[in-house]
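Q: Take the labels used for this model one at a time. What value stands behind each, and which rule does the value meet?

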Amino acid sequence: MKISNNPNTSSAITGFILLGFPCPREGQILLFVLFSAVYLLTLMGNGSIICAVCWDQRLHTPMYILLANFSFLEIWYVTSTVPNMLANFLSDTKLISFSGCFLQFYFFFSLGSTECFFLAIMAFDRYLAICRPLHYPTLMTGRLCTNLVISCWVLGFLWFPVPIIIISQMSFCGSRIIDHFLCDPGPLLALTCARTSVMEFFWAIISSLLLFIPFLCIMGSYALVLRAVLKVPSAAGQRKAFSTCGSHLTVVSLFYGSVMVMYLSPTSEHDAGIQKLVTLFYSVGTPLINPVIYSLRNKDIKYALQKFLEIQK
């Protein structure tokens with residue numbers, strides 16, 4: 001990885017500068033306190049769901065096992081960005097090494113990919129539970145659930161290594177300043193010496209496949225769920241069926257809505273401020289909100305958390 005002032009002259013450098021959220025020193029300290037609180041609340045919220053599922057034997061079902069894995073994923077997803085962001089708030093140089101930048105790049109996108117796959121298999125689980133209730137115990141076995149979980153993690157971490165390695169081998173010209181709080185493909189490609197239209201197109205293709213394949217699976221699952229629910233004669237039965245899907249649909253809407261805005265259009269079209277806000281929402285905001293969504297709309301989770309807290313007291 002090199003940086004140069006022109007395509008013919010290059011020299012090795014130690015890293016990039018992440019601008020983050022430029023503001024006076026007092027503002028940086030305030031942001032540090034704010035995001036520290038958000039990070040701790042995210043860890044506590046997702047950790048409490050994991051503890052509730054592990055502690056309560058009644059929650060040892062595929063639906064809650066998937067939810068616990070999803071919460072575990074959210075902890076690492078937010079950890080891939082926020083600790084470095086907090087360090088930058090207190091740093092004068094705001095420097096991140098080349099290896100640190102591309103490691104963050106890899107883990108951030110790999111964990112995001114894994115989240116897409118998890119949302120898809122959670123929708124598939126709801127489809128089986130609602131559309132095939134009598135066969136659900138024999139179809140969604142513990143072995144199948146374990147295989148699906150492992151597949152999500154493996155596929156997520158195998159999706160982006162090739163393009164990230166290609167980008168890491170490019171030469172970077174002129175400024176090494178990244179106007180973002182993380183190492184994102186748009187700002188990185190903007191610093192390369194050669195034209196990156198081919199790489200941007202390739203990135204758009206693999207990002208689109210990653211987003212649309214799980215998204216179509218989710219939409220297909222819920223189309224079948226909707227058709228099955230509408231056949232239920234009683235309004236109470238319909239409400240009960242929809243209530244089991246409401247939390248997941250809300251999470252899907254928040255995550256996919258922001259991610260599609262970010263990565264399904266050319267990277268150069270986004271203003272730096274918009275990039276930061278949208279990325280901040282799905283990388284920091286949704287991991288904070290998700291435990292609230294799942295716990296508020298799920299009586300079993302709330303009951304397990306209450307019992308767990310009572311025992312701890």
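A: Start with the largest pocket: its lining has 10 nonpolar, 6 polar and 6 charged residues. Nonpolar covers Ala, Val, Leu, Ile, Met, Phe, Trp, Tyr, Cys and Pro; charged covers Asp, Glu, Lys and Arg; the others, Gly among them, are polar. The model is predicted, so local features need pLDDT of at least 70 and side-chain atom pairs pLDDT 80 or more, while totals for chains, interfaces and linings use all residues. Residues are numbered from 1 along each chain as its sequence is written, and side-chain values use heavy atoms, without hydrogens and water.

Q: What makes a residue part of the lining of the largest pocket, and which lie nearest its centre?
A: A lining residue has an atom within 4 Å of a pocket point. The points sit on a 1 Å grid over the protein atoms alone; a pocket is an open set with protein on both sides within 12 Å along at least five of seven lines. Here 22 residues line the largest pocket, and Met63, Tyr64, Arg126, Thr244 and Asn298 lie nearest its centre. Helices H2, H4, H10 and H12 each give two or more residues to this lining.

Q: Why are the buried residues of helix H7 said to be on the same side?
A: Buried means under 20% relative accessible area, exposed over 50%, partly exposed in between (1.4 Å probe, protein chains only). In H7 (residues 161–168), Pro163, Ile164, Ile167 and Ser168 are buried. They span an arc of only 140° around the axis, so they share one side of H7. The arc is taken from the directions from the helix axis to the C-beta atoms. An α-helix has 3.6 residues a turn, so residues three or four places apart point the same way. The cover over the buried residues of H7 includes H4, strand S5, H8 and H9.

Q: Why is the aromatic pair of Phe215 and Tyr256 called tilted?
A: Rings of Phe, Tyr and Trp (its six-membered ring) pair if their centres lie within 6.5 Å. Planes under 30 degrees apart are stacked, over 60 edge-to-face, the rest tilted. Phe215 and Tyr256 are 5.2 Å apart centre to centre, with 45° between the planes, so the pair is tilted. Phe215 lies in H9 and Tyr256 in H10, so the pair ties together parts 41 residues apart in sequence.

Q: Which of the labels buried, exposed or partly exposed fits Phe215, and which fits Tyr256?
A: Phe215 has a relative accessible area of 21%, so it is partly exposed. Tyr256 stands at 2%, so it counts as buried.

How values were computed:
On a 1 Å grid over the protein atoms alone, a cavity is a set of points where a 1.4 Å probe fits but cannot get out, and a pocket is an open set with protein on both sides within 12 Å along at least five of seven lines; lining residues have an atom within 4 Å of a point. Helices (H or I, at least four residues) and strands (E, at least two) are DSSP runs, numbered from the N terminus. Contact means heavy atoms within 4.5 Å.
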